[in-house]
Amino acid sequence: MLKKTLSAIALASLALTVHAADVVLKVAATAVPHAEILNHIKPALKKQGIELQVREFSDYVQPNAAVEDKQLDANFFQHQPYLDSYNKDRKTSLVAVPNGTVHVEPFGAYSSKIKNIKDLKDGATVAIPNDPSNGGRALLLLAKQGLIELKDPKSLTPTALDVVKNPKKLRFRELEAPLLPRALADVDLALINTNYAIEAKLNPTKDALFIEGKDSPYANIVAARKDRADSAEIAKLMQALRSEDVKKFLQDKYQGAVVPAF
């Protein structure tokens with residue numbers, strides 16, 4: 001009888017252990033660097049009883065839609081200005097999770113036609129992202145280079161209509177962010193998000209004609225619905241993402257193209 005009781009206790013204990021290891025956290029991400037970072041921390045989370053499932057997306061809309069629709073628990077691909085713009089446009093209420101900042105991907109300008117920005121011709125075509133936050137980010141970077149002047153230099157979401165001085169008469173072509181690397185052959189200059197630049201085998205620290213500094217306000221965050229943002233699983237996710245191990249991973253793998261923001 002004692003042996004049966006002990007066996008029952010052992011089985012119950014095993015069941016509890018298996019159950020604890022089966023807590024699933026589903027996170028949306030763009031492939032580079034976000035999914036790579038998440039896959040790197042999977043073993044650390046597994047030790048804490050969390051099975052991290054990473055679902056990759058190639059655009060900036062579906063990761064938020066999947067979280068809003070409760071298909072996924074959180075996402076990791078965007079910065080706060082983009083999230084604010086998305087919430088405003090889509091009437092959603094996703095939030096950055098506590099301690100949600102992870103890294104900065106310095107935004108850069110690339111060209112297949114010139115090697116120095118001083119060689120940019122009058123009337124050149126400049127491709128920028130077509131979403132308000134990243135399009136504004138591109139214009140701010142152009143303004144910082146002295147190529148244009150903006151009505152309100154402190155605004156994080158200027159548009160082409162806010163350009164008050166354009167001495168080179170640059171022509172702006174707005175494209176979806178994932179398409180910008182492929183447009184390099186058709187434009188004189190393209191302002192490209194670093195994740196898409198890396199996917200296109202561009203090295204931001206070597207290939208960009210100019211690039212944001214480490215003081216960029218566009219730190220990438222983890223976002224979730226309000227009912228999930230404070231969960232224990234997401235808190236553990238952030239502990240893993242903001243660890244010294246991840247800081248070293250970013251520095252070693254991306255060599256300055258992805259900069260820790262913690």
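How many salt bridges does the structure hold? In this predicted model, the structure holds eight salt bridges, and one of them is shown in the first close-up below.

**View 1. A salt bridge between R228 and D73.** The side chains of R228 and D73 meet here, with a nitrogen-to-oxygen distance of 3.4 Å. The pair joins distant parts of the chain, since the two residues lie 155 residues apart. R228 belongs to helix α8 (residues 226–229), whereas D73 sits in the loop between α3 (62–68) and β3 (74–79).

**View 2. The crossing of helices α2 and α10.** The axes of α2 (residues 31–46) and α10 (residues 244–254) come within 11 Å and cross at roughly 135°. An angle between 115 and 145 degrees is neither roughly perpendicular nor roughly antiparallel, and the two helices are therefore oblique to each other. The crossing in which α2 passes α10 is right-handed.

**View 3. Residues in contact between α2 and α10.** From α2, the residues P33, E36, I37, H40 and I41 take part, and they meet D245, V246, F249, L250, K253 and Y254 of α10. Sorted by class, this contact comprises seven nonpolar residues, one polar residue and three charged residues.

**View 4. Confidence along the chain, with two stretches where the pLDDT is below 50.** The protein chain has a mean pLDDT of 92, and 92% of its residues reach 70 or more. Over residues 2–8, however, the pLDDT is below 50, and this stretch makes zero contacts in the model beyond near neighbours in sequence. Residues 14–21 also have a pLDDT below 50, but this stretch has four contacts in the model beyond near neighbours in sequence.

Technical notes. Residues are numbered from 1 along each chain as its sequence is written. This is a predicted model: local features need pLDDT of at least 70, side-chain atom pairs count only at pLDDT 80 or more; totals for chains, interfaces and linings use all residues. Side-chain values use heavy atoms; hydrogens and water are left out. Axes are lines fitted to C-alpha atoms, for helices over the stretch in contact, and angles run from 0 to 180 degrees between N-to-C directions. Helices (H or I, at least four residues) and strands (E, at least two) are DSSP runs, numbered from the N terminus. Angles under 35 degrees count as roughly parallel, over 145 as roughly antiparallel, 65 to 115 as roughly perpendicular and the rest as oblique. A crossing is left-handed if the near helix is turned anticlockwise from the far one by less than a right angle, and right-handed if clockwise. Contact means heavy atoms within 4.5 Å. Ala, Val, Leu, Ile, Met, Phe, Trp, Tyr, Cys and Pro count as nonpolar, Asp, Glu, Lys and Arg as charged, and the others, Gly among them, as polar. pLDDT is the predictor's confidence in each residue, from 0 to 100. A salt bridge is a side-chain nitrogen of Lys or Arg within 4 Å of a carboxyl oxygen of Asp or Glu.
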